[in-house]
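Please read this report with the sequence and the structure open beside it, and locate each part as it is mentioned.

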Amino acid sequence: GLATGSEAKKVRTTCPYCGVGCQQWLHVKDGRVIKVTAVEEGAPNLGRLCVKGRFGYDFIHSPERLTHPLIRDGEAFRKASWDEALDLVAEKFKQIKQLHGPDALAGISCARSINEDSYNMQKLFRATIGTNNIDHCARTCHAPTVAGLARAFGSGAMTNSFAEVLGAKLFFVIGSNMTEAHPVASTFVKQAVRNGAELIVADPRFNGIAEHAHTYMQIKVGSDVALINGMMHVLITEELYDRDYVIANTVGFDELREVVMQYPPERVAEISGVPAETIRAVARKMAAVRPSMLMYTLGITEHTCGVNNVLSCANLQMLLGNVGVEYGGVNPLRGQNNVQGACDMGALPADYPGYQKVTDAASRAKFSQAWGVELPDTPGLMIPDMIDGLENGTVKALYVFGENIANTEPDINHVEHCLRSAEFVVCNDIFETETTRFAHVVLPAAAWSEDDGTFTNAERRVSRVRKAVEPPGEAKPNWWIFKEIARRMGQEWASASGQEIWDNEVAPLSPIFSGIRYQRIETDGLQWPVPDEDHPGTTIMHKDGKFTCGKGNLSALEWAPPAEVPDEEYPFVLSTGRRLYHYHTRTQTGRCEGLNTLLGSETADISAEDANALGIGQGEKIRVVSRRGSVEVAARITGQVPPGLVWMAFHFREGCANWLTNPAFDPISKTAEFKACAVRLEKL
Ligand code: SF4
C-alpha cells in the first residue's frame, strides 16, 4: 500500500530502466523512496538487480522536477494553470486540424511510461484528432524486430523467456552489449555458461559478454546478413540443417538456398572479417548442440538493413529447427522498460492495440464502435517523417511525450532545425530536456513510482507498476492529461485510472491481452498472448513450429554494406551503443548522484593501434568529425575496439554520438543506421 506515516513501507513495482523488467521493492519513508531492493523469487529477475535498478531512483525527488504547466512566453516559459495550458493545447489542436486536416498533427509516445499512458495517447490521436500519426521510439531501436519477426513468424516479439536462459545449452549472441544494456539478463547467461552452457558471440567490439564466449567472432560493422548467410551455407551444403522441421513448418527454402549458395565461407570471410574456418566451426557447433537460444539487440536492428538482419536471425533459427522449443528461439532484448508495451498498445502508425491493423476493416470497425467515432484507414507517419514534416510544413503540431528527440535521433543539428520550424510543440515530461526547449506548452507528468499501471518487458510479461509516493507539485498522470485534452476537444472518456483503462479497454479490445486483468498480475506478471482468463500465459511462442502466421517464412537476403562507409576524408567507422551506468539521455540517471560519480562524461573508444598512429594519449581530448557535425570528447584507449573503429554512446549532450550519426534509414522500419557512419579523428 501507499506509505503515509513515518514508518518505512515496501511497495512492489517494476524497474523503470531496461526491458528485462526486474521486480523491485520500493522502500518508502515520509513520502520518499529511500531504498530499492529486489523481489526475491519474483519473475523474471529472481532477486537480482543491476546498478541502475538498485541505485537509479534519486531522480524521483530531484528539485529539478517539473511541478506546474509551462507556456512559452517569448524565449522563456511562464507558469500556467492546468486549465489554461490544457485549453491552449486543445484550442490549438482544433485550429490546426480545421485549417490543415488531422494529418497535420503528430504524436510521439513514451516507451518509459506505463501501457495505459500509451493507450490513451494513441486513442487521443486516432479517436479525437483523427489521424494515425502516432509512433514512439521503437522506431529508433527495435522497429526492425517488430516488422521482421512479424514477417518471419507472425508475431514481432521475443519468442522465449528469461527463465529458460539458465537451462539453455548453447547461446548465439549477436550485436548485443548485454552486460551493460541488459545486465540482469547477462547474469543469467553467464551463470548458464559457468554451469556448462556454450556461448558464441558475434560483435564488432570485444564487449563484456564476449569475454565469456567460447567462440568470439569479431565481425565488421554491418556484415551480419553475410555472416549468417555464410553459416547457413555450411548448414545446407553439409546437410546439417533440420530438414524435417523446414519441410513441415516453413516456406521459402528453395529461394533461400539459391541466395545462400552465393555466400561460401571464403567470400563471407572477406566481407565480415571472420575466418572461414570459424564460420564453419560455429555452424557445425550450432547443428550439433540443439536447441540454442539466439539473442540479439541493437547491433542487429540499427542498420539500413535492420529488418534483413532480423530476418537473417529468424532464418538461421528456423533452419536449425530452434523456433517453438524450450531453450531456443529468436530473442531480441528490448531496450526500454516499456518499449514492448508501447508497441503492444498501438503507439505505432499502422497498429491498434494488440497489433490489429488500421488497414483491416474488421479491426477498424471494432475500435470505431468502442470509441464511438469514425477512424482513419491509412497508416500514419513514422518518427523520421514527422520530424522532416515539421521542416517541409506538412506537420504543424508535434506532441512529444517523455522522449528527448533532440538527443536521441540521428543528426542533432537537423532535428533541432526541424523542431525550431514547428508551429506548435507540446511536451509531457518530468524534467526540462533538450527537447522541451522547443515546446510551446510543457505539461508536468507524474513519474514512475507516482502512478499505477503496467509495463511489458522483453519477454512479453505484463507486470504491475505501483504508486508509492505522490507526484510533486501539480504534476499529473499522463493518461489523465490525454483524457483531459480529449474532453476539451469534445470526447468524454470513461476510464479514470490505469486499472480501468486496462481492464475495461485494453484487455477486451485486444485478443492477445483478453485474459489479463490487474487482479491476475498482483504478484508476477503474465506473458502474452493470454487469450482467456484461465490461460496461464505463453512462455514459448510458436510451439512445435506452429507459427502465428501459419508457416514460418524463410527470406532470401542479399548482404549490402552500410549507407556510409569510410573513405579518405572520413577513414573510421563510428558505431554507437550504451554504457552500464547511464540510461539514454540521462534524463533520469543524470539526476542520480551515485551513477554520475561512476560515469561523469562521454568518451570516444578507440584502439591502441589507432591512438599510437595519431599520437593520441589515454584520456586526451580529441575531435570526432562526421559529415554532419563534430564533437570534442576524451579518447578512451581500449582493447575492446579493433583498429578502424570508434565507439561512442549518446548519454551525454556534450560529446553525444548523435551529432555525428547518419540519418539513413531502413526502408521498411525507418530505423536509422546508428551503428555505422564514417568519421575522422583529429588530435587537438
Ligand atoms: Fe532494471 Fe534492467 Fe537493471 Fe533489471 S537489468 S534492474 S530491469 S536496468
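The sections below go from the domains to single strands, helices and residues.

## Domains and their contact

The structure is a predicted model, and its protein is divided into domain 1 (105–139 + 337–455 + 473–515), domain 2 (159–333) and domain 3 (572–683). The centres of domain 1 and domain 3, taken over C-alpha atoms, are separated by 30 Å. Where these two domains are in contact, 15 residues come from domain 1 and 18 residues come from domain 3.

On the side of domain 1 that touches domain 3, the helices α17 (405–408) and α18 (412–421) each supply at least two residues, and the largest share, three residues, comes from α18. By kind, the residues of this side of domain 1 divide into five nonpolar, six polar and four charged.

## Strands around β30

Strand β30 (residues 677–683) pairs with strand β23 (residues 572–577) in the antiparallel sense, over three bridges, and in this pairing L574 stands opposite C677 of β30. Strand β30 is also joined to strand β25 (residues 621–625), by four bridges, and these two strands run antiparallel. Here the residue of β30 that serves as bridge partner of V625 is R680.

## Strand β12 and its partners

Which residues of β12 lie on one side of the strand, and which on the other? M293 and M295 are on one side, while L294 and Y296 are on the other, and all of them are buried, so that both faces of β12 are covered. Strand β12 pairs with strand β8 (residues 170–174) in the parallel sense over four bridges, with I174 standing opposite Y296 of β12. Three bridges join β12 to β13, and these strands also run parallel; in β13, the bridge partner of M295 is N331.

The loop between α11 (276–288) and β12 (293–296) contains P291, and a cis peptide bond with an omega of about -5 degrees joins R290 to P291.

## Helix α13 and what follows

How far apart are the end C-alpha atoms of helix α13? The helix has 14 residues (306–319), and at 1.5 Å a residue these should span 20 Å; the end C-alpha atoms are 20 Å apart, which agrees with the expected span. Helix α13 is mostly covered, with 14 of its 14 residues buried.

Just after α13, G321 takes a positive phi of about 70 degrees. Further along, in the loop between α13 and β13 (330–332), lies Y327, a residue other than glycine whose phi has a positive value near 65 degrees. Y327 counts as buried because 22 other C-beta atoms lie within 10 Å, and the cut-off for a buried residue is 20 or more.

## Other backbone features

Most residues other than glycine have a negative phi, and most peptide bonds are trans. Y355 has a positive phi of about 60 degrees although it is not a glycine, and the place of Y355 is in the loop between β14 (351–352) and β15 (356–357). Is Y355 buried or exposed? With 22 C-beta neighbours inside 10 Å, Y355 counts as buried.

A cis peptide bond also leads from W528 to P529, with omega near 0 degrees. P529 is found in the loop between β21 (526–527) and β22 (552–553).

## A buried glycine in a loop

G380 lies in the loop between α15 (361–371) and α16 (383–392), and G380 is buried because 24 other C-beta atoms lie within 10 Å. Which residues are in contact with G380, leaving aside its neighbours within four places in sequence? They are T131, N132, N133, I134 and P349. By contrast, A80 is 300 residues from G380 in sequence and 32 Å from G380 in space, C-alpha to C-alpha.

## Around the ligand

Of the 14 residues around the ligand, C15, C18, C22, C50 and G53 come nearest. The elements that give two or more residues to this shell are α1 (51–55) and α6 (183–194). The residues of the shell divide into nine nonpolar, four polar and one charged.

How values were computed: Residues numbered from 1 in each chain as written. Predicted model: local features only at pLDDT ≥ 70, side-chain atom pairs only at ≥ 80, totals over all residues. Expected span 1.5 Å × (residues − 1). Buried ≥ 20, exposed ≤ 12 C-beta atoms within 10 Å, placed from the backbone. Near = placed C-beta within 6 Å. Nonpolar A, V, L, I, M, F, W, Y, C, P; charged D, E, K, R; others polar. Domains from an automatic or database assignment. Contact = placed C-beta atoms within 7 Å. Pairing = 2+ DSSP bridges.
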